[in-house]
Structures are given as C-alpha cells and as structure tokens.
Amino acid sequence: MISKYAATLGLLVVAGLLTGCKEKLAQQPPRPVRTRAVELLSTTAGARYSASISASSQIELAFKVGGYVAAIQQVRGVDGQMRHLQPGDLVTRGTVLAQVRQIDYQVKVNQAQSQVREAQSGIETAQAQSAQAQQSIETAKSQMAEAEAAYNRAKLDFERASTLFASNSITKTDYDASKAQRDVAEARLAAARSQVRTAEAAAKVARAQINTIQAKAKSASEVVNEAKIPLGDTSLRAPMNSTILRRDIEIGSLVAPGRPAFVLADVTSVKAVFGVPDRATASLKLGMPLTITTEALSGTEFRGQITAIAPAADAKSRVFDIEVTIPNARNLLKVGMVVSIEGESEAMASSVRVVPLNSIVQSKDQPSSYAVFVLTTQNGKPVARLRNVKLGDAYGNAVAVLEGVNVGEQVITTGATLLVDGEAVQIIP
C-alpha cells in the first residue's frame, strides 16, 4: 500500500515539474530569430562525384596443393640486385610466380613411372614368348605336313600290300612290314598334330599375357598422368598479364591448398563506381564520356565512359551505382586512388534542396547526426520545431539536404543554437 502511494506521489511530482517547465517556457518571451526558405539549387555546372579506383579484373591466386614454399620468382630491383616479386611488379601470362617443394610429389610420379617400365618390360617378354610360340606353331605345322604325307604314302602302300596278300602275291612278312610302317606313320601324324595344338595353346596364352600386361601398363600410365597433375600444381603461374597487388607467402612458409598466395590485377584499364540519385539516371547512358581527375595527379585529366548502370537502387542509400571504365595504359591511376568524376553539364546537371550552413545544429537524439529548426505555427503563433536531416554536398554558404525538409519550408538561421524544440519565436527582419 505504501509503495502504491509513493508511486502515485512520484507521478504527481513529475507531472508538476513538467507543468512548471511548460509554464516557464510559455512565460518566456518569444526568442527573436531570422529565417530563410529551403531553396532548390540547380547544379548547372555539371555534377561531381567521388569514387575510388579499382582494377578492371582482380583475382586471388592460391596453390592447389600444400607444401613448403621452395621458390619465389625473382626480378631485378632498382638497385640492380635480384629480389623476389613484390606489389607493383608487372608479370606476363604464364610466369611461374612461386613453387612449393616438388620432391614430395615427384616421388609418386617416379613410383608410377617405375610401374610403367615394369609393365613395358613384361610386355616385351610376353611378346617374345608369343613370337616363339608362333615359330613353334609354324615348325609343328611343317612337321605335321611331313607326317601327314608320310602317313598317306604308308596308307597307300598298306592298302596295296593288303590286296596282294589277299591274292597270295606277297608273303606274310611283307604284309606285316607294310602294316607296321603305316601304324608308325599314323602315330607320327598324331604326335605332330598334338604338337601343333600345344604350340597354338602356348601362343594363345602369350597373347592373353600381352593383353593383361598392356592393361596394367595403361593403368600405370594413367597413374603417372594423375601423379603429374599435383606435381604440375606445385608451380603457381600467372593466368594473365597483370600487376601484383599483394604477396602473402615467403620462402619456407607452409601453405595449405586454397590459401591465397598472390593477388593479381589487370590495371591496363581501371574502373570507378559512384552512386547517383534517381533523378540523374534518366540522362545517363552507356558509353557516355566522363572526365576523371584526382588530387594525386593534379592537372591531369582522364577520360572514361560509362560501362554499367545498376538496374536497381541500393536498398539503404537509395542511389544507383554507375560504373566508369578508364583506360590506364601508362599505369598512372593506382588501385585505391580517390578520384572526382564530372559529367557533361547538360547530361548530369541536377537540382538539390539547400539550406544555409548557419541553420544546421546537432541532433538531440542522434549526437552523430544533424538537424534544423523548422518554423511552424501553433495556436496561431510561430514555434520552432527540431527536425533531423540528412546532409549532402556543400555549395558555398549552403549545404544540400537529402532528407528532412521540403522546398519552401522556413528554417531558422539566426539564434538556432539557443533554441529548444517547441519554443515560441519572433521573426525579425
């Protein structure tokens, strides 16, 4: 119960204080101020935008295999001494930038090549055996032909002897001798045929061995090719004519596959991207020439052209990105340089809302932001209302306001720093 009364009493005290403040504010005489209307300034001299230079193409190079860095390409420095590649050096396509230790991968290639040589030796042995078997076939077939001829003669002699023996024209001894001669010739023919079959079987086995060993040799050759791939990947080569922007390795450092070792960029042409409001996009066309300057190269102008226009605005800034490509054959424009871009006066001219610089005060709820006091009417009397604004570029004693006020509204220029939100004011000339 006590806490309830205490809370009620506290609310009454706060309300009394607020009422007192309001009454005190109301009792104060209106503060004298001067005002000025928000104006629309036409930038007829052409719009200028800031951007930073980036490479037309930029890549990170990394090793596909891991290992210890064994070599980094060397070039001659300005002192005439050889040194390792460093940022700013130019390299041509195909240049070996660095190597990791190759012995770890060369061993696998050597092992695979040894298997290939072993398979090739086996093929040569099998081919020799096949040739020998083929020769044996030829010899066996020749012997078989001789045996077959001898058998045919013995067979005919035996048939005649059988006829003569049946007519008692020859003796039993002669008959038996003819029969024995036929049987011997038949046995020799069977043996010769067996030798042919044996030789053909040996030749077939030799051919099968050749096919098997050839398959092994092919497989070993594929292993060699596979082993040569990581061996070739121990060398990191430049894929294009480019400039080195960064080197992240040293001799002896251990690199993992995929870890960036170099950053390369093609800077024969560079690009700059800047944002424009929607009102300026209608007059911008692809190929439109623009003038680029930078304080780093005072007095030098570069010509570029629009090569890309964003189809949609950035969700946060609500501006459209415009890409400008600039020839850079002499390599004067460096990556990261801040440049100013100016378009044709008619093409990129625009209008902006501006207020006097002395009307800008610090925002009360956002210390890092800015605000203005806008003149409003309350109960028929002029009152100053604090309004947060988003500022743009400065134009002399005026500053562009991108958000927060509209053209024609009156902002307080004199006495703004002494005002509080909702304070009554008196307009003085």
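In what sense do strand 4 and strand 11 pair, and over how many bridges? In this predicted model, strand 4, which spans residues 67-72, pairs with strand 11 in the antiparallel sense over two bridges. Across this pairing, Tyr 68 stands opposite Leu 254, a residue of strand 11. The two strands belong to an open sheet of four strands, arranged in the order 9-8-4-11 with antiparallel pairing. The edges of the sheet are occupied by strand 9 (235-237) and strand 11 (254-255); each has a single partner strand, so one side of each is left without a neighbour in the sheet.

Helix 2 was examined for its span. Its 64 residues should cover 94 Å at 1.5 Å a residue, and the end C-alpha atoms are 92 Å apart, which agrees with that expectation. Helix 2 is followed by Asn 168, which has a positive phi, near 55°.

Aromatic pairing was then considered. A search of the whole structure yields three aromatic pairs. In one of these, the ring centres of Phe 158 and Tyr 175 are 5.5 Å apart and the planes lie at 40°; the pair is therefore tilted. This pair links distant parts of the chain, since Phe 158 lies in helix 2 (residues 103-166) and Tyr 175 in helix 3 (residues 172-232), with their positions 17 residues apart in sequence numbering. Both partners are buried: the relative accessible area of Phe 158 is 10%, and the relative accessibility of Tyr 175 is 18%. Tyr 175 also pairs with Phe 165; here the centres are 4.7 Å apart and the planes are at 20°, so the pair is stacked. This second contact likewise links distant parts of the chain, with Phe 165 in helix 2 and Tyr 175 in helix 3, ten residues apart. Phe 165 has a relative accessibility of 26% and therefore counts as partly exposed. Through these ring pairs, Phe 158, Phe 165 and Tyr 175 are linked into a cluster. In addition, Arg 182 lies over the face of Phe 158, at 4.3 Å from the ring centre.

The nonpolar interior was analysed next. The largest nonpolar core comprises 25 residues, and those with the most contacts inside it are Ile 53, Phe 274, Val 276, Val 324, Ile 326 and Ile 341. At least two residues of this core are supplied by each of strand 3 (48-62), strand 12, strand 13 (289-293), strand 14 (302-309), strand 15 (320-327) and strand 16 (338-342). Strand 12 provides the largest share, six residues. For Ile 326, contacts beyond its neighbours within four places in sequence include Ile 53, Val 270, Ala 272, Ile 292, Phe 302 and Leu 333. Another core, of 22 residues, lies apart from the largest one and has Leu 85, Tyr 105, Ile 244 and Ile 249 among its members.

Strand 12 (residues 260-276) also contains Pro 260. With a relative accessibility of 26%, Pro 260 counts as partly exposed. When residues up to four places away in sequence are not counted, Pro 260 touches Glu 60, Leu 61, Ala 62 and Asp 248. The C-alpha atoms of Pro 260 and Met 82 are separated by 24 Å, the two residues being 178 residues apart along the chain.

Conventions. Residues are numbered from 1 along each chain as its sequence is written. This is a predicted model: local features need pLDDT of at least 70, side-chain atom pairs count only at pLDDT 80 or more; totals for chains, interfaces and linings use all residues. Side-chain values use heavy atoms; hydrogens and water are left out. Rings of Phe, Tyr and Trp (its six-membered ring) pair if their centres lie within 6.5 Å; planes under 30 degrees apart count as stacked, over 60 as edge-to-face and the rest as tilted. Buried means under 20% relative accessible area, exposed over 50%, partly exposed in between (1.4 Å probe, protein chains only). A charge sits over a ring if NZ of Lys or CZ of Arg is within 6 Å of the ring centre and within 35 degrees of the ring normal. Two strands pair if DSSP finds at least two bridges between them. Contact means heavy atoms within 4.5 Å. The expected span of a helix is 1.5 Å times one less than its number of residues. A nonpolar core is a set of buried Ala, Val, Leu, Ile, Met, Phe, Trp, Tyr and Cys residues joined through side-chain atoms within 4.5 Å.
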